[in-house]
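User: I'm new to this structure and would like a close look at one part of it. Could you walk me through the place where the two chains touch, seen from one side?

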Amino acid sequence: MSARRIVPLALLVLALIYPVLTMESAVYQRMGALVLLAAIGASAWNIVGGYAGQVSVGHAVFFGIGAYSSVVAFVHLGLPPIAGAPLGMAISVGLAALIGVPTLRLSGHYFSMATIAVGELVRVLASTSDFLGGAQGLGGPPMPRTVLDLSFLSAMPYYYIFLVVLAGILGLTWWIERGRMGFYLRAIKDSERAARSLGVSAGRYKLYAYMLSGAFTSVAGSLYLCMFGFIDPESGFGILISVKMVVMAALGGAGQLFGPLVGALILVPLEELSNSYLGGQGAGITYVVYGAIIVIIARFLPSGLLSLFERKPVVAQPEAAKPANPASGHAD
Amino acid sequence: MSMTLVQVVIGGLLLGAVYALFSSGLTLIWGMMNVVNFAHGDFVMLGMYTAVVIWTSLGGGPWASVPAAAIVIATLGVISYFFLVRHIMKGPMLAQILGTFGLALFLRYGALWAFGANFKSLPDNLVGHSFVLGGIRFEGSRVLAAVVGLGVTFALHLILTRTQIGSRMLAVSENATAAQLMGIRPQRMQALAWAMAGAATGIAGALIALFLPISPTAGETLAIVAFVTVSLGGFGSVTGALVAGLLIGVVESLTAYLVGPIYKEVIVYTLFVLVLWFRPQGLMGKA
């Protein structure tokens with residue numbers, strides 16, 4: 001019992017003092033910030049993809065909207081980039097409603113395909129738009145004017161900003177998980193028909209989850225822009241951005257509070273390492289490895305790594321005995 | 001002016017016949033197993049590269065590359081079925097989507113690693129030059145692709161609707177357990193479906209390679225074209241895929257001609273979203 005309290009506390013303290021421990025190495029500080037940023041995006045995806053079980057493969061749309069809203073706030077209005085974040089969230093919520101209302105009624109595959117198509121559509125549109133800088137993209141403030149521009153040389157300030165935002169998202173997810181909506185979403189994921197028959201308005205709750213998820217993903221995009229100071233259609237709306245969110249959540253455990261963070265802790269250092277050792281040619285191999293990881297998770301570990309540490313609930317006993325039941329034992 | 005328009009429409013129909021062919025592979029799997037192969041576009045892409053390899057290493061033209069691509073991609077389909085799809089079919093929705101999606105990434109970036117990012121193309125003279133008929137110019141490679149595409153799609157349709165094998169596959173898709181009780185082996189039929197879909201997809205890839213630039217990411221756009229075609233034509237319907245494929249080919253060509261080449265993708269994606277929105281069962285599908 002005591003170990004169950006000490007371990008999380010120790011991990012929290014470690015997260016808080018990590019930048020101080022890595023004061024010597026800019027590379028490790030930067031990696032810490034990148035892990036948190038990736039975890040923000042993946043945790044946002046987790047709300048709709050993990051908890052509600054609606055697998056969006058086009059979350060880059062919201063990420064790109066956040067990033068572009070921020071850069072537009074700077075380029076066209078002269079505001080600090082982060083001032084574009086609320087705009088990005090608003091547009092994301094609206095777009096999520098627009099995509100979600102028709103497609104969430106359909107079975108899971110349709111929703112996934114629709115999210116891919118919308119993602120590609122927005123990417124092509126962005127690269128033809130002069131307002132958004134076309135295929136070249138747009139840059140944020142070259143020199144920080146005030147601290148509000150959130151433009152720092154060191155990765156440490158970003159680390160703490162990202163940590164606060166991640167804590168906020170995880171806190172909200174935890175609150176949802178324990179509340180009425182969390183129960184509804186899990187019921188929908190297990191069996192939408194059963195959930196509906198018990199009076200859960202499945203469509204509405206899936207849509208809420210999607211809109212909330214989109215809004216937070218947009219925040220990740222805005223934060224990305226503040227740190228990197230530049231966005232183009234590929235780094236904002238590219239399908240790989242969406243893929244990374246899905247893979248991180250699925251590797252750690254989709255529908256688990258800390259699943260996306262665990263996935264980010266593994267995959268971000270992996271990607272940084274392969275990029276730095278293999279250089280430009282490494283990018284391709286990184287995604288071959290990503291693809292292989294995804295296939296292996298889907299095939300052998302669909303509930304993610306965290307499920308390995310899960311203690312089997314007592315209710316699972318009759319489930320385990322199920323194969324003995326002749327009615328369901330000879331499925332194939 | 002109007003002659004040019006006729007030219008554009010005919011070009012669209014020729015392209016659409018190939019779209020119909022590779023979309024019928026997707027619709028077959030989907031209709032039979034309720035599994036969406038998100039790696040479908042990358043199967044087409046590998047069919048294209050098979051044609052490149054045949055041409056560069058053996059100097060063979062379409063008569064060698066088309067059958068080779070059919071065999072290679074059919075094998076890939078059967079392997080994917082036995083090692084991946086068979087297992088994830090029973091899993092949660094997340095595993096189903098992730099499984100073939102991971103396969104897509106693996107194949108796409110594996111091809112990038114193996115063949116490089118540069119665009120490749122087959123030489124024009126593999127098929128022969130263009131000819132003029134009734135004032136309309138035809139390119140040999142596109143005509144060949146369309147004729148073979150239509151022929152294979154029609155053959156697939158006949159196999160599914162007129163033969164005993166087709167009836168068995170239909171039986172498995174309707175109720176695998178009942179089919180098994182009638183002495184049909186569901187897994188064998190499903191593997192066969194993957195082989196047939198793979199062969200059709202491979203043939204389509206080798207044909208497309210005759211006139212479209214070949215790159216590792218070519219599958220990304222083609223996958224969406226296939227999704228649009230299948231959802232427009234109705235799931236599991238090869239005839240639906242044929243009509244929708246021709247329609248999309250024409251729409252794409254007209255958009256490229258009237259609005260601009262960049263917008264041909266925009267219009268296809270928009271069409272897809274509109275179909276999902278207003279008529280998710282497809283134009284010819286049952287509700």
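Analyst: Happy to help; here is a walk through the contact between the chains, followed by a short look at one helix. This is a predicted model, and it scores ipTM 0.83 and pTM 0.84.

Let's begin with the contact itself. It draws on 39 residues of chain A and 35 residues of chain B. On the side of chain B that touches chain A, α3 (62–88), α4 (93–115), α9 (218–233) and α11 (263–278) of chain B each contribute at least two residues. Of these, α4(B) gives the largest share, with 15 residues. Sorted by class, this side of chain B holds 26 nonpolar residues, along with six polar and three charged ones.

How far can you trust chain B? Its average pLDDT is 87, and 97% of its residues score at least 70. Within chain B, confidence is highest in helix α8 (residues 186–208), at a mean of 93, and lowest in strand β1 (residues 131–133), at 81.

Now cross over to chain A and find helix α9 (residues 202–228) of chain A. This helix has 27 residues and spans 39 Å from its first C-alpha to its last, close to the 39 Å expected at 1.5 Å a residue. Of the 27 residues of α9(A), 24 are buried, so this helix is largely enclosed by the rest of the structure. Just after α9(A) comes A:G229, which takes a positive phi of about 70°.

Technical notes: Residues numbered from 1 in each chain as written. Chains lettered and ligands numbered in written order. Predicted model: local features only at pLDDT ≥ 70, side-chain atom pairs only at ≥ 80, totals over all residues. Contact = placed C-beta atoms within 7 Å. Helix = DSSP H or I, 4+ residues; strand = E, 2+ residues; numbered from the N terminus. Nonpolar A, V, L, I, M, F, W, Y, C, P; charged D, E, K, R; others polar. pLDDT = per-residue confidence, 0-100. Expected span 1.5 Å × (residues − 1). Buried ≥ 20, exposed ≤ 12 C-beta atoms within 10 Å, placed from the backbone.
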